[in-house]
Amino acid sequence: AHIQITINEPARSLPFWESLCHFMGMRTLIRNDDTVYCIGGRTGILVRAAPDALRGAQFDQWRVGLHHFCLRARSPEDVDAIYEHVCSLGAHIVRAPEAGEHFAPGYFSDGL
């Protein structure tokens with residue numbers, strides 16, 4: 001029902017995640033200097049700053065832990081709209097939206 005993401009730069013990352021969640025129709029339930037928790041439908045996204053002693057680590061999706069998470073969209077156009085929104089926020093994009101039929105029928109994704 002939810003996912004939690006730990007971040008290094010709350011001043012930069014929390015506004016990004018909150019904007020993305022709002023763009024997807026979620027609403028903010030909790031917001032402070034170190035945390036934003038947004039909910040919508042049956043999903044929650046919690047973004048929290050790492051403790052000071054652990055900040056600075058870089059994410060590596062091939063190490064043990066989270067590789068990626070997927071949220072369902074109604075159409076490829078919705079994925080395109082999210083892609084355009086996060087680009088406007090200055091996100092580092094791994095790859096542009098593309099069909100992913102090799103994963104599953106109707107699969108369409110981007111690499112945020």
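## Exercises on cysteines, rings and a helix

The count of disulfides in this structure comes to zero. The model is predicted.

**Exercise 1.** Explain why Cys-38 and Cys-87 are in no disulfide.

*Solution.* Step 1: a disulfide is a covalent bond between the sulfur atoms of two cysteines. Step 2: the cut-off used here is 2.5 Å between the sulfur atoms. Step 3: for Cys-38, the nearest cysteine sulfur belongs to Cys-21 and is 4.1 Å away, so the pair is not within 2.5 Å. Step 4: for Cys-87, the closest cysteine sulfur is also in Cys-21, at 17 Å, which is too far for a bond.

**Exercise 2.** Classify Cys-38 and Cys-87 as buried, partly exposed or exposed.

*Solution.* Step 1: Cys-38 has 0% relative accessibility, so Cys-38 counts as buried. Step 2: Cys-87 has 35%, so Cys-87 counts as partly exposed.

**Exercise 3.** Determine how the rings of Phe-16 and Trp-17 are arranged.

*Solution.* Step 1: the count of aromatic pairs comes to one. Step 2: in this pair, the ring centres of Phe-16 and Trp-17 are 5.7 Å apart. Step 3: their planes stand at 90 degrees, so the pair is edge-to-face. Step 4: both Phe-16 and Trp-17 are buried.

**Exercise 4.** Check the span of helix H2 and locate its buried side.

*Solution.* Step 1: H2 has 13 residues (76-88), and at 1.5 Å a residue it should span 18 Å. Step 2: its end C-alpha atoms are 19 Å apart, which agrees. Step 3: the buried residues of H2 are Val-79, Ile-82, His-85 and Val-86. Step 4: they cover an arc of only 120 degrees around the axis, so they lie on the same side of H2. Step 5: the face turned away from that side carries the exposed residues Glu-77, Glu-84 and Ser-88.

Key. Residues are numbered from 1 along each chain as its sequence is written. This is a predicted model: local features need pLDDT of at least 70, side-chain atom pairs count only at pLDDT 80 or more; totals for chains, interfaces and linings use all residues. Side-chain values use heavy atoms; hydrogens and water are left out. Helices (H or I, at least four residues) and strands (E, at least two) are DSSP runs, numbered from the N terminus. The expected span of a helix is 1.5 Å times one less than its number of residues. Buried means under 20% relative accessible area, exposed over 50%, partly exposed in between (1.4 Å probe, protein chains only). The arc is that of the directions from the helix axis to the C-beta atoms. Rings of Phe, Tyr and Trp (its six-membered ring) pair if their centres lie within 6.5 Å; planes under 30 degrees apart count as stacked, over 60 as edge-to-face and the rest as tilted.
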